[in-house]
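Thank you all for making the time this morning. I would like to walk you through one model, beginning with a single aromatic ring and then widening the view.

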Amino acid sequence: MDEFRNKGGRKAAIVAIVANCFLTTLNIIVGLMSGSYALISEGAHTLSDVATTIIAYAGFKIGQKPADEEHPIGHGRAEAISGLVIVLFLTMVAYEIITGAFGKIINPSLIRIPDTLAAVMAVFGIFVNYVISNYIIRIGEEINSPAIVADGKHQRTDIFSSVAVLVGVVVSNMGYPILDPIIGLVIGLLILKTAYEIGKENIDNIMGKIPSEDLIRRIEKIANKTPKVHNAHNIKVNYLGSYATVTLHIQLDGDMTVKESHEISHMVQENIVNKIPIIKSATVHACPIGLEYNHDQEIDE
């Protein structure tokens, strides 16, 4: 599984870096030749994709490191942290694009009417970004990597910004050149929106947001199907980047021996870990059937 994740992460990073270096060069050259500030802004945005891909892959590689004495449950949160670094980078890129756009909107004499070459480049950018972003997100979901998925979502915003560039070029040539820097402003705001979404997702990951009800139900179902287990409850999942740990309580016959209770608890743990790939470890607490128990005491203590 680790080798599969390594190959997938490396493949996603290489494809993203090569594609974005190519697009960055074309966007900036064509933007300068055609006089489109929006296309130059898109070139800066695409250049940021190269940096964020490198950051995402670094977080992915660190997250792959095995557990050690100082990190007994592994380094998985490195992927979520790299996602937050991407957010900071995107915010800086957005600031530069937005301030540049405002400068041209305030001083229209700086605006050039972009020619049709910019429109051709925008169409090409839409196609390439659609293919690449879907590819990266698909790999990220297959290997369950928040960092790679975040990078793919960042790449996907280039589709919308390329569409905006295309609209800007067409309308500018219809006699409204002010729209070109306005489109640049829109691109900057799209980058900020992406930064917010990536930041929220990764902060939720780090802060231990409640997982989907589907995952809780799967854990409960697997536990309850184990022989002699009754009423799996108090299920708590702790996300650690690409994987998670879980704690839960099960009810057993109060007349069981400690040995029997211990064996069944370990059977539940193995079933959960073996049947749900995202779960790396499980801790099971056995309760006698009918015993009233305040589970919150564990937190207070």
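Let me start with phenylalanine 124, which has a relative accessibility of 32% and therefore counts as partly exposed, since that class runs between the 20% and 50% cut-offs. Please keep in mind throughout that what we are looking at is a predicted model.

Why begin there? A search of the whole structure turns up one aromatic pair, and this pair is formed by phenylalanine 22 and phenylalanine 124, in an edge-to-face arrangement with 6.0 Å from centre to centre and 80 degrees between the planes. The two rings come from distant parts of the chain, with phenylalanine 22 in helix α1, residues 2-34, and phenylalanine 124 in helix α4, 102 residues apart. As for the partner, phenylalanine 22 counts as partly exposed because its relative accessibility is 46%.

Staying in helix α4, which spans residues 116-142, we come to asparagine 134, and to serine 133, which lies in that helix as well. Is serine 133 buried or exposed? Serine 133 has 0% relative accessibility and so counts as buried, whereas asparagine 134, at 24%, counts as partly exposed. A polar atom of the serine 133 side chain lies 2.7 Å from the backbone oxygen of asparagine 129. If we set aside neighbours within four places in sequence, the contacts of serine 133 are with Gly152, Gln155, Arg156 and Ile159. For asparagine 134, I would mention valine 149, which is 15 residues away in sequence and 9.7 Å away in space, taken C-alpha to C-alpha.

Now to the cysteines, and to what the search for disulfides gives. The count comes to zero disulfides. Among the cysteines, cysteine 21 counts as partly exposed, because its relative accessibility is 37%, while cysteine 287, at 7%, counts as buried.

Finally, let me step back to the whole protein. It contains nine helices and three strands, and, read along the sequence, these follow the pattern α-α-α-α-α-α-α-β-β-α-β-α. Of the 301 residues, 48% are buried, and the accessible surface comes to about 15,300 Å², with 65% of that area belonging to carbon and sulfur atoms. If we take the contacts with a separation of 6 or more, 72% of them join residues 24 or more positions apart.

How values were computed: Residues numbered from 1 in each chain as written. Predicted model: local features only at pLDDT ≥ 70, side-chain atom pairs only at ≥ 80, totals over all residues. Heavy atoms only, no water. Helix = DSSP H or I, 4+ residues; strand = E, 2+ residues; numbered from the N terminus. Buried < 20%, exposed > 50% of the residue type's maximum accessible area, 1.4 Å probe, protein only. Contact = heavy atoms within 4.5 Å. Areas by Shrake-Rupley, 256 points an atom, 1.4 Å probe, with all protein chains shown as cover. Polar contact = N/O pair within 3.5 Å; in protein donor to acceptor, adjacent residues only side chain to side chain. Disulfide = S-S within 2.5 Å. Phe/Tyr/Trp six-rings, centres within 6.5 Å; stacked < 30°, edge-to-face > 60°.
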